[in-house]
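Colleague: Could you take one part of this model and describe it closely, residue by residue where that helps? Please then set that part against the rest of the chain.

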Amino acid sequence: MKQRILQKQLQGLFKQATFGIEKEGQRVTSSGHIAKTLHPKNFGDRAYHPYIQTDFAESQLELITATTQSETDALRYLSAIHEVTLRQLPEDEYIWPLSMPMLLPHETDILEAQLNETDTAYREYLSKKYGKYKQMVSGIHFNMGFSTAFLEQLKQDTETLSDIQNNVYMTVARRFMRYQWVLVYLLGASSLVDEKYYDHHEHLNKPVKSIRASRYGYVNSDDIKVSFDSLTDYVTSLRQLVDTKKLIAEKEFYSSVRFRGASSVVEFLEKGIQYVEYRLFDLNPFAPYGILEKDARFIHLFIMLMLWLEESDENIMLGKEKSEKTALSHPLDLPLYIEEGQWLFEQFLDMAQYCQFSQKDIDIIREKQHQLLYPEETVGGKLWMLYEEKGDMLEVGLSLAKQYKKEAVEKPFGLSAFSNMELSTQAFMADAIQQGIHVELLDEHDQFLKLTYKNHDEYVKNGNMTSKDSYISPLIMENKVVTKKVLEKAGFKVPHSIQCQTVDEAMEQFPLVSGKPIVIKPKSTNYGLGITIFQNGTHDKEDFKQAVTIALKEDKEIMIEDFIAGTEYRFFVIDGKTKAVLLRVPANVIGDGLHSIKELVDMKNQSILRGDGKTTPLKQIELSDIEQLQLKEQGFTVNTVLKQGEIAYLRANSNISTGGDSIDMTDEVDSSYKDIAQNITKAMFARVCGVDLIIPDIKVPASSNSSYGIIEANFNPMMMMHIFPAKGQSRRLTTDVLKMLFTEKDDWYE
């Protein structure tokens, strides 16, 4: 295969593959005991959930990533699924970070996963045959398939695609099992287990590198033998074990490799093996999600090496013997087969040179090569030294479990692996993952997602721009002049305004608006950019000119309109219903008699809720020209020290995107205003809309048009300020958008 790769110059395609990761983990209490609660209902229906499942027991989570084009993306999905899961667990529950549990309950207290009748019966069969404790072991399953483009180019003229698939994956499987001891040595990390684990089996009375990878782990009995000499032999021998009832099903064959892509192994003969599941790996307790990205990359490179080797001993029995002895060696022992390990890494570096690996990949290979001589730097070695320091593996596991949950829940408004995306999109992805809706990231930069529930596909941009929108709707709302005219024709009262395209044109209008409360804003804008409000009418000619200049930086045309007195509220309408109402308080600071306005702003900006306004629910307050103009109108400067309790407003407009505070008022506002917001949304031809109204008193019904004023309607309105308000109840609008898209789904979970 190496010669084919080189002759056909397939080095680039050789690196391409698809990946998926399955990660098991026990739910435990704060004391480290296995949770006795059922699989949480707020994770949705396990009958179809693509991400959050249970393995053997109700307590044993199985987190499954989407299929990706890189191990990096697989780890990002695993991170997101893990964070969603941790945030939904009861406060007193955690995910155990070790493969082996340290506090096993009585076997009668372990409940097999309550799935459909067939799957539950299978688990009950396993309990009787192997004992429940053996089933409680957790690990990482690493799924990988070479790209179809690579396999197509690799095959000879006389071979079919299924021929080369079977040839490649059978070869890799044999060599993987022959040399897997290297992976056990480097990544094994299950040295101890609760003593009850051995109640019905031979007792292992010493620390080892990997209980899970040894005969004490979850393995078949010695009489279960399947041939890997050829695919035909593999299929024949495995089917014979099932047909003679030695195995209840093909999936009861527990090997470190499992061929995937068909409902039965018989189909591989014609269809071809699609990819391989590698089931060897312990959980890495030092990785928040059970596996580090660099280790996932190393496994990928190791699998490539198994195909690359020119001359290789494929004696599987010898490989199993070496793997067993390695697994049962002490965590700080040097490799038993160090010369073979050094030879293998020479082949690694040979492959790296021929295939022009990146320096990052070479560094990963050399780091693992270094660990051959320094076992204390392997995963198992680090775990053992931490155990010796703490003196208690239960304490080690609990400490890490609590740390990882704390990291996941302390900033619940985003997904750390997707922090470069808008916060609303992150929340939308998190809700889709929780609700069991498959998420495919089509364009990360453009926040474009594909969602799939069963056979129903939907496309979503920026968290709430969907197929339910009409094309004209955002175009109307983007243009404030058109918005006003459409609303006026629909019978709504809108403020009088003047349009200008230059500073000179605007200055000609100054005598008409001098001394009057006015708003100056770009014609086409969103997020409150470029808006200046003179609500007291005390602006002079220079202030007016500066505000016009600021607005023209955002658009080629601006609007000068009457300021409407009252309190501004944001109404969020989805699918004809007002789902949330928010009071947005303009950016402000409250005096303490000690600090200047600038210092108070710096102090307020320290809140974890404040940041860029995209990856945090609230925006940091700035002190730019607009803010300083607003301070000037109140008689302040940035150096003013406010009295105790005195308020200084940095902005007149209350947008969260310009530093405002958010207060939920959904249950306080009179329903008549919700109806108005819904009718405005209808006039905009929108299914999702943010409506900004000025209301003197939200508890007094809107008896006439004079009781409220319309500021604007917004397409793609911000959702985070409703989901994570500075004060008041959270409104999970991202779930409401999902409900609008997937009306056939009737099991929604909070």
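**A surface loop and the sheet that follows**

Modeller: Tyr471 lies in the loop that runs between strand E10 (456–461) and helix H18 (472–478); helices are DSSP runs of H or I with at least four residues, strands are runs of E with at least two, and both are numbered from the N terminus. The model is a predicted one, in which local features need pLDDT of at least 70 and side-chain atom pairs count only at pLDDT 80 or more, while totals for chains, interfaces and linings use all residues. Residues are numbered from 1 along each chain as its sequence is written, and side-chain values use heavy atoms, with hydrogens and water left out.

Tyr471 counts as exposed because its relative accessibility is 71% (buried is under 20% relative accessible area, exposed over 50%, partly exposed in between, with a 1.4 Å probe and protein chains only). Together with Ile472, Leu475 and Phe685, Tyr471 forms a nonpolar patch on the surface, and the four residues have about 470 Å² of accessible area together. Such areas come from the Shrake-Rupley method with a 1.4 Å probe, and for residues only the protein chains shown count as cover. Patch members have over 30% relative accessible area and no salt bridge; nonpolar side chains (Val, Leu, Ile, Met, Phe, Trp, Tyr) are joined within 5 Å, like charges within 9 Å.

Further along the chain is an open sheet of four strands, ordered E11-E14-E12-E13 and paired in the antiparallel sense. Strand E11 (497–500) and strand E13 (532–534) are the edge strands; each has a single partner strand, so one side of each lacks a neighbour in the sheet. On average, neighbouring strands of this sheet are turned by 15° against each other, direction ignored. Four bridges join E11 to strand E14 (residues 558–562), in the antiparallel sense; two strands pair if DSSP finds at least two bridges between them. Within this pairing, Gln499 has Met559 of E14 as its bridge partner. Helix H19 (residues 480–489) packs on the sheet and touches E11, strand E12 (518–522) and E14, its direction making about 45° with that of E14. Contact means heavy atoms within 4.5 Å; axes are lines fitted to C-alpha atoms, for helices over the stretch in contact, and angles run from 0 to 180 degrees between N-to-C directions.

A salt bridge also belongs to this region: Lys523 pairs with Glu557, and their closest N and O atoms are 3.3 Å apart. This pair links distant parts of the chain, with Lys523 in the loop between E12 and E13, Glu557 in the loop between helix H22 (541–552) and E14, and the two positions 34 residues apart. Both Lys523 and Glu557 are buried. The criterion is a side-chain nitrogen of Lys or Arg within 4 Å of a carboxyl oxygen of Asp or Glu, and by this rule there are 49 salt bridges.

Two other pairs may be set beside this one. Lys619 and Glu622 meet through their side chains in a salt bridge of 3.1 Å, N to O. Lys619 counts as buried because its relative accessibility is 18%, whereas Glu622, at 40%, counts as partly exposed. Arg178, Asp313, Lys322 and Glu340 are joined into one network by salt bridges that share partners. Arg239 and Asp243 form a salt bridge of 3.1 Å, N to O; both lie in helix H9 (residues 231–243), four residues apart, or about one turn of the helix. Asp243 is exposed, with 52% relative accessibility, and Arg239 is partly exposed at 24%.

Elsewhere, strand E7 (residues 275–281) is mostly covered, with six of its seven residues buried. Strand E5 (residues 140–146) pairs with E7 in the antiparallel sense over four bridges, and Met144 has Val276 of E7 as its bridge partner. Strand E6 (residues 257–260) likewise pairs with E7 over four bridges in the antiparallel sense, with Val257 opposite Tyr278 in E7.

For the chain as a whole, the secondary structure comes to 27 helices and 23 strands. Of its 750 residues, 58% count as buried. The C-alpha atoms fill a box of roughly 95 × 60 × 50 Å along the principal axes.
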